Structures are given as structure tokens and as C-alpha cells.
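Here is a short note for you to read beside the model. Keep the view open and follow the points in order.

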Number of protein chains: 2
Amino acid sequence: MNTAKDKLNSYLEKEGMRRSQQREQILDEFLASKRHLTAEELYDLVKEKYPEIGQATVYRALKLFCEANICRTLNLQEGPARYEAIIGHEHHDHLICLDCGRFEEVVSPRIEELQQKLAEAKGYKLKEHRLVLYGLCSECRS
Amino acid sequence: MNTAKDKLNSYLEKEGMRRSQQREQILDEFLASKRHLTAEELYDLVKEKYPEIGQATVYRALKLFCEANICRTLNLQEGPARYEAIIGHEHHDHLICLDCGRFEEVVSPRIEELQQKLAEAKGYKLKEHRLVLYGLCSECRS
DNA sequence: CTCTATGCAAAACCTTTGCATAGAA
DNA sequence: TTCTATGCAAAGGTTTTGCATAGAG
């Protein structure tokens, strides 16, 4: 049912690590927010419900979630790293408004295909990619 | 002749800022290195020739160069920001080996074109983009 | 002369780590 | 019982900032 929690637990098992309440609580808050949170923002959310959880635990949990393929970090331009859930969230890239910060999730199978070819042409086996488009949204253009 | 220096000076003028020896010296070293330097690496280079230049000045200069469109920051993997000259260096994206860190500069007009369309379809006017492909290079694959 | 740019050191910002202890297996 | 995960605070790595002074216009 909760795929992310399953994924977490099977990753923990595979790695010989232990379960913990904190990690599940942090994961719940992360998934519930449905946003691209920074570690700090997630810590603030988590603190409201579970005030005893420490900041380091949130950082450690996010790192773990990334390793377990539950989330990934976004390489946007400024500020702290942001994390995005992978589960229940198809792969996509980002289109960000330079003016207001609004963003869209976009995807182009054709672009992905060309990326494959580009990598192959250089003798690389493509594993992943990060694409961020920066522009002006319809509102900020006027 | 030295387009980058011209660009710097016209930017300074436009912004009502003053010229300085340090900025030109830092720019010279930056361009001469022809690498994707971090601020620290550039500072080390600069120090050899001009020991009296301070680290903060290098950071301030790099920020300025970005604003003046002389260089741009790369958000490659981890660690500190890296800077890349724009002038005398056509636009390109990066293909990085996850294993050894080796990288290639790549470009695909077709992808750029599709990016335009993707942005337009969402009502955005595309201004720039960052594309980084991660994979395994021919050596690390074997 | 005026006011920006610099150098220095300190601060700020984000993230990781050491250590003693709580808690899972 | 054993050994990982946690919480705290301190340290780490990178970048920015305050302030007095040098230096450009």
C-alpha cells in the first residue's frame, strides 16, 4: 500500500540497517507535503508534529531516502538543496520562471531519446540527467 | 581584441561602477586557465601572481563576471560552484561520468529546439537552460 | 574630494560529524 | 545483549558581509 515505506524498509533490510520511528515519521511528513522541500523546511514541518526529532536526523533521513530511491535532490541554482519524491511521481524536468519562481513539471520523450543518443555518441552509457529550463511565465512576460 | 575585458568594462560603465586592477587581473587568470574553476581554485591561481589580492575579492569578481555575462556557474555534482567562461566558448551542455568524473561538453541543436517548444507550450518564454547528463564513460563501463 | 572596491576577519549559511545514550533486533 | 539510530552541539566547507582604508574618477 504505502510503496515508499515498503521501499524504505526493503532498503533498510538489504543494507542491514534498522527501522526507526523517526525515519517513518519524517518520510510521512515529506510525502504529505507534496512539495520540493529543503531539509530545513522539512525539519520545521516535522518539528511541529514530533518536536523531539533533531535536525541531523532529518538530514540523515533525506540522504537515506535518496539512496533508497525514494526521493532525489534537485540541482536548482541558488540556496539549499531541494528534495523531490520519486514514488508516485513520474520522471520529469523543470521549467522555472526567472521572475516569480513559479515552476512547471515538464517532460519530453523526444528529448530523452536524443539525450540517449548524445551520450552514446560519446561512448557513455546514460544513467540519468538533470534538465532545468529557465524562462518567463505568461504572467511575468506582460 | 580582448572581448571579455571589453564586456566587463562596458558592464561596469552601464552600472556606474569603477574599474579596478584587481578585477582585470582576476579576469585574466580566469580566462587563461581555460578550466571550470571553483572560486577557491581561482583564488589560488591569482594569489601566485598577485599575492595581495584577497579571497573575498575573487568571490566578488566571479559574481560580477556572471552578472556581466562573462561567465556562468555550473551546478555539476557536489562541492563548491564551478565557473565557466562564456566568451569564446559556444553554448554547450555537459556529460559527466559518474564513476571517474571525466566530462564532455556536448550540444544538440535538436534538443535546444525541443526545449523551446516545451517552454512555449506552457506559455513560457525560454531564457536559458541547464542540462547535465550523467553516465558511465567508455573506460568506466568495462 | 567623493565614493566605490579592497583586504581582512568575522559572520552566515548549509550540512556533516563526534559522542553519549536511547532504542531496535 | 548488541549494535544501530538519535539528539545535541560542535565542527566543516563554502560564501557573504562589516568595517576601515586604499584607490578610481
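1. Start with a term. A polar contact is a pair of N or O atoms within 3.5 Å. By that cut-off, Gln22(B) makes one with DNA strand C: a polar atom of its side chain lies 2.9 Å from a sugar or linking oxygen of the strand. Keep in mind that this is a predicted model.

2. Two contacts go to phosphate. The side chain of Ser20(B) has an N or O atom 2.7 Å from a phosphate oxygen of DNA strand C. For the side chain of Tyr59(A), the corresponding distance to a phosphate oxygen of the strand is 2.9 Å.

3. Now widen the view. DNA strand C is surrounded by 20 residues. The closest are Arg18(B), Ser20(B), Arg23(B), Thr57(B) and Arg60(B). Of the strand's atoms that come within 4 Å of the protein, 69% belong to sugar and phosphate.

4. What classes of residue make up the surface near DNA strand C? Eight are charged, seven nonpolar and five polar.

5. Which helix gives the most to this surface? Helix 4 of chain A does, with four residues. Helix 2 (21-33) and helix 4 (55-67) of chain B each supply at least two.

6. Turn to helix 5 (residues 109-121) of chain A and helix 5 (residues 109-121) of chain B. They pack at about 160°, with axes 10 Å apart. Angles over 145 degrees count as roughly antiparallel, so these two helices are roughly antiparallel to each other. Their crossing is left-handed.

7. Check the residues in that contact. Chain A's helix 5 uses Arg110(A), Ile111(A), Leu114(A), Gln115(A) and Leu118(A). Chain B's helix 5 uses Arg110(B), Ile111(B), Leu114(B), Gln115(B) and Leu118(B). By class, six are nonpolar, two polar and two charged.

Methods: Residues are numbered from 1 along each chain as its sequence is written. Chains are lettered from A and ligands numbered from 1 in the order in which they are written. This is a predicted model: local features need pLDDT of at least 70, side-chain atom pairs count only at pLDDT 80 or more; totals for chains, interfaces and linings use all residues. Side-chain values use heavy atoms; hydrogens and water are left out. A residue is near a molecule or strand if one of its heavy atoms lies within 4 Å of it. A polar contact is a pair of N or O atoms within 3.5 Å; within protein, one must be able to donate a hydrogen and the other to accept it, and residues adjacent in sequence count only if both atoms are side-chain atoms. Ala, Val, Leu, Ile, Met, Phe, Trp, Tyr, Cys and Pro count as nonpolar, Asp, Glu, Lys and Arg as charged, and the others, Gly among them, as polar. Axes are lines fitted to C-alpha atoms, for helices over the stretch in contact, and angles run from 0 to 180 degrees between N-to-C directions. Angles under 35 degrees count as roughly parallel, over 145 as roughly antiparallel, 65 to 115 as roughly perpendicular and the rest as oblique. A crossing is left-handed if the near helix is turned anticlockwise from the far one by less than a right angle, and right-handed if clockwise. Contact means heavy atoms within 4.5 Å.
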